[in-house]
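Please look over the model shown here before reading on. The notes that follow treat the contact between two chains and then one residue inside a chain.

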Amino acid sequence: MGKAWTFGENMNTDEIIPGRYNITIDPLELARNVFCEVKPEYAKNVKPGDVIVGGQNFGCGSSREHAPIAIKGSQAKCVIAASFARIFFRNAINIGLPILECPEAVAGISEGDEIDVDLASGEISNHTNGHRYQARPLPDFVLKIAEAGGIVNFLKEHDIQELLR
Amino acid sequence: MGTLVEEIFSRKAGRIVKAGEILLLDVDYIMSHDNTTPLAIRAFREIGKPILDKNRVVIHLDHAYPAPNVLAAENHRRIFDFVKEQELPHLFQQGVCHQVMIEEGFVTPGSIVIGADSHSNTYGALGAFGTGLGSTEIGVAWVTGKCWFKVPETIRVELHGRTQAGVYAKDVMIYIAGLLGMDGGTYRSVEFGGEYIDQLPLHERIIFPNMSTEIGAKCGLIAADQVTLDYLDNETPAKGKGPFEQIRPANPRYERLLELDVSTLAPQVACHPDVDNVKPLEQVEGLEVQEVYIGTCTNARYEDLEIVANMLRGRKVNPFTRVIVTPASARIYKKALQNGLIEILMDAGCTVTGTGCGACIGRHGGILAPGERALTTMNRNFIGRMGSPLSEIYLASPATAAATALTGRITDPREYLMQNAE
Ligand code: SF4
């Protein structure tokens with residue numbers, strides 16, 4: 001179980017992590033400044049297992065991987081959004097940050113709610129208001145990448161063919 | 001059986017595939033540039049396995065080239081060292097990556113070309129599947145030769161008629177971006193076709209897939225036809241690689257169809273601060289600009305420079321406007337030089353720079369001050385892209401850029417084209 005941190009529509013990669021912090025790709029270093037302009041209290045107070053909740057087109061903007069790396073480095077469990085921008089979606093999967101598309105959950109979750117997410121089934125439970133939401137379950141290959149901690153780690157142990165097997 | 005992207009993927013997969021499926025496919029070429037290669041090298045080193053096929057790796061130095069500062073120079077150094085260490089055969093310092101990829105014959109119908117650059121969609125102009133990815137995936141593809149794809153749904157844009165004199169593919173595409181909006185194509189393949197596209201030469205076709213990125217598309221595609229094959233044969237070293245198949249959509253099921261008659265369209269401008277803030281030129285006519293930038297993977301091909309030179313021949317650009325011309329590639333530059341275009345541009349008062357991305361990403365070659373406004377042939381007008389976050393970028397065709405260069409105000413090119421015709 002974790003706490004929900006809510007964000008607005010069209011969160012772009014610069015709002016997730018401003019360009020001036022992109023000189024490193026160290027996840028912990030990036031996590032120190034994640035959301036620093038839109039929600040400075042996040043980086044200080046986030047706990048492992050917390051959940052990011054965003055609106056439409058989350059992660060739009062540049063193709064830089066720093067944005068999902070920064071969120072993953074902050075130990076958030078996953079991002080739930082109404083929709084994701086294309087390259088952010090891929091980058092998140094490849095670096096092993098689970099992402100769930102579920103507009104209903106986004107509408108029904110408020111800042112600070114207690115949230116439980118079953119990544120394999122896509123079930124999202126809001127313990128604060130008692131509601132449940134169903135995101136599409138993540139495809140098996142996404143879970144495999146997430147379990148390995150990203151595609152780079154996956155490839156250290158496996159052949160790429162095993163992804164879709 | 002399917003849309004163009006389904007047809008291309010079906011051939012690669014060796015079976016019929018449909019939108020929504022996830023595939024692991026072999027990629028033909030893997031492109032990266034000076035901005036994105038260093039992170040790909042990092043991913044590659046972490047994986048710790050060898051490059052599968054060095055011939056498929058293509059690296060360009062173009063984004064900050066020649067190096068405008070020490071950091072950029074160090075970046076280039078790292079890439080040179082890596083290319084030497086790995087004995088990679090394809091390193092280019094010949095201009096904007098996407099233009100050079102096409103000129104050098106790396107992009108062929110039905111092929112899959114991925115790039116660590118969001119405008120890799122450009123390759124769709126030749127009926128190839130091109131898409132932009134993050135650097136990690138490029139490192140992964142070096143090692144595996146493969147990439148995963150979700151087969152996208154397709155928006156078909158069917159274009160009828162012919163444009164009037166003074167209206168170009170760029171005006172049409174800007175208009176489409178205004179209609180579909182910045183996220184109107186997200187995750188989608190946007191397929192461009194119809195009699196308007198059929199009669200367009202390749203250099204004009206490129207605009208559509210190139211700017212499909214601006215509406216969030218995964219790819220922008222134009223089916224290969226005789227125009228494509230003739231271009232490949234006559235203009236690129238791809239000649240021996242064929243014969244290339246003219247893959248076409250077959251009984252496609254489109255998610256959406258957008259039909260448009262281009263014959264009544266006037267010149268268009270995408271205004272600050274969003275690509276879908278599109279207006280007919282007459283609504284912004286007379287707006288003062290401090291810079292005109294003619295360059296980039298969108299509109300700095302030989303024919304674009306020719307349009308500009310024909311309009312500027314024997315005239316002088318506004319003395320209080322920076323007018324910068326950055327040919328997209330060395331080959332284009334050379335041809336423009338041989339045919340006297342560069343001399344015309346210089347006589348008119350333009351500053352002609354070396355090739356590459358130049359001012360497009362605000363690193364060098366035409367940075368904007370706070371309060372300045374530029375009219376450019378670029379594809380993107382994000383806030384602060386060309387310099388100060390307090391500057392403004394307006395996107396238009398090369399002809400509009402040339403007319404605007406003469407007056408220092410946004411100007412309808414048709415006035416000058418008429419005068420030239422007289
Ligand atoms: S010219 Fe501009 S849009 Fe094209 S690849 Fe270079 S930076 Fe990107």
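Is Tyr123(B) buried or exposed? At 0% relative accessibility Tyr123(B) counts as buried, a word used for values under 20% relative accessible area (exposed is over 50%, partly exposed in between; 1.4 Å probe, protein chains only). This is a predicted model, in which local features need pLDDT of at least 70 and side-chain atom pairs count only at pLDDT 80 or more, while totals for chains, interfaces and linings use all residues. Residues are numbered from 1 along each chain as its sequence is written, chains are lettered from A in the order in which they are written, and side-chain values use heavy atoms, with hydrogens and water left out.

**Surroundings of Tyr123(B)**
- Tyr123(B) touches, among others, Met31(B), Ile102(B) and Val113(B), not counting residues up to four places away in sequence; contact means heavy atoms within 4.5 Å.
- Gln99(B) lies 24 residues from Tyr123(B) in sequence, and the two are 9.2 Å apart in space, C-alpha to C-alpha.

**Interface of chains A and B**
- Contact involves 31 residues of chain B and 28 residues of chain A.
- About 2600 Å² is buried between chain B and chain A, 64% of it on carbon and sulfur atoms, where buried area is the accessible area (1.4 Å probe) that two parts lose on being put together, summed over both.
- On the chain B side, Leu24(B), Trp148(B) and Tyr187(B) lose the most area to chain A, together 27% of what that side buries.

**Salt bridge**
- One salt bridge is counted between chain B and chain A, the term meaning a side-chain nitrogen of Lys or Arg within 4 Å of a carboxyl oxygen of Asp or Glu.
- The side chains of Arg90(A) and Glu137(B) meet in a salt bridge at 2.6 Å, N to O.
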